[in-house]
Amino acid sequence: MADNDSRAGARYANEQILSYVGRVHASHDAALAQAFAVPEGIPQIMVGPSEGRLLYLLMKLAGATKIVEVGTLVGYSAIHMARALPAGGKLWSIEYAAKHAEVARTNIAAAGLSDKVTVVVGAGRDVLPTLDGNGPFDAVFIDADKDNYDHYGRWAIEHLRPGGLVIGDNAYFFGKLMEDSPGGRAMRGFHELVAAACESVCVPTPDGLVVGIKK
Ligand code: SAH
Ligand code: DHB
Ligand code: MG
């Protein structure tokens with residue numbers, strides 16, 4: 001047997017199975033259903049319900065009180081993560097598109113989480129340094145522009161407490177991870193710097209989810 005996950009293996013999941021396990025473990029309540037829907041003109045590119053649920057569970061396991069997210073969209077993953085925060089806990093979520101941020105704030109308010117979540121409008125590279133003073137953080141979830149994943153990953157490692165989590169969505173880069181392109185290079189850089197600074201894994205979700213615990 002090959003010493004990696006590329007060995008030929010059965011893929012047992014099918015639509016019916018995925019629908020069943022999603023229903024059993026990761027059903028939406030009203031607030032999640034609202035944030036999973038997107039208004040006309042905004043792409044539906046949030047994490048899936050089971051990944052959202054995993055983010056929530058990971059934040060609980062980490063005892064997270066201070067979380068940073070890069071890439072809010074309309075607040076779906078933010079609501080999952082913020083629900084794991086204790087009273088007084090904070091999530092700063094960075095979003096480049098003002099329209100997305102506006103819808104996110106509405107959804108976060110409907111979830112009753114406005115006191116815990118601050119949506120900051122701007123580019124991740126510009127906003128992250130403004131958050132430095134709130135650190136060290138317990139978790140950083142990266143899910144924005146893929147060309148900057150190495151930059152975001154480096155910032156995360158520098159600003160996480162030991163034992164803190166760095167998580168990155170789209171770790172297969174839509175199937176283009178091995179390409180010689182800015183995005184491919186940045187995403188491979190992200191994998192390698194997380195693997196060096198953390199105990200880590202790339203969970204085989206549809207597009208890969210890196211999870212690292214900072215050493
Ligand atoms: N994490 C969200 C999905 C994020 S989709 C969820 O799972 O619910 C990616 C988001 O990143 C989009 O809303 C996009 O506008 C935003 N984005 C793109 N480039 C960005 C940048 N440079 N800085 C911050 N956000 C960015
Ligand atoms: C896109 C971005 C994402 O973060 C994602 O999970 C899926 C798609 C996109 O930009 O198309
Ligand atoms: Mg994503």
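**Entry 1: the pocket lining**

I began with the largest pocket, and by class its lining has 24 nonpolar, 15 polar and 10 charged residues. I am working from a predicted model here, so I keep that in mind throughout. For the volume of this largest pocket I noted about 1100 Å³. Its lining takes in 49 residues, and M46, V47, G48, E51 and D169 are the closest to the centre.

Next I asked myself which elements each supply at least two residues of that lining. I found α1 (15-25), α3 (49-62), α4 (76-82), β2 and α6 (124-131). From α1 comes the largest share, six residues.

**Entry 2: the magnesium ion**

D169 turned up again when I looked at ligand 3, the magnesium ion: its coordination comes from D143 (OD), D169 (OD) and N170 (OD1), at 2.0 to 2.1 Å. Along the sequence I read the donor spacing as D-x25-D-N. D143 sits in the loop between β4 (137-142) and α7 (149-159), while D169 belongs to strand β5 (residues 160-169), so this pair ties together parts 26 residues apart in sequence. I also checked burial, and both D143 and D169 are buried.

**Entry 3: a serine in β2**

My last stop was S93, which I located in strand β2 (residues 90-95). Is S93 buried or exposed? I have it down as buried, because its relative accessibility is 0%. Its side chain makes a polar contact of 2.7 Å with the side chain of T72. Setting aside neighbours within four places in sequence, I listed E69, T72, T118, V119 and V120 as the residues in contact with S93.

Conventions. Residues are numbered from 1 along each chain as its sequence is written. Chains are lettered from A and ligands numbered from 1 in the order in which they are written. This is a predicted model: local features need pLDDT of at least 70, side-chain atom pairs count only at pLDDT 80 or more; totals for chains, interfaces and linings use all residues. Side-chain values use heavy atoms; hydrogens and water are left out. Donors are N, O and S atoms within 2.8 Å of the metal (3.2 Å for Na, K and Ca); water is not among the atoms, so sites may look incomplete. Helices (H or I, at least four residues) and strands (E, at least two) are DSSP runs, numbered from the N terminus. Buried means under 20% relative accessible area, exposed over 50%, partly exposed in between (1.4 Å probe, protein chains only). A polar contact is a pair of N or O atoms within 3.5 Å; within protein, one must be able to donate a hydrogen and the other to accept it, and residues adjacent in sequence count only if both atoms are side-chain atoms. Contact means heavy atoms within 4.5 Å. On a 1 Å grid over the protein atoms alone, a cavity is a set of points where a 1.4 Å probe fits but cannot get out, and a pocket is an open set with protein on both sides within 12 Å along at least five of seven lines; lining residues have an atom within 4 Å of a point. Grid points are joined across faces, edges and corners, and a volume is the space filled by probe spheres set on the points. Ala, Val, Leu, Ile, Met, Phe, Trp, Tyr, Cys and Pro count as nonpolar, Asp, Glu, Lys and Arg as charged, and the others, Gly among them, as polar.
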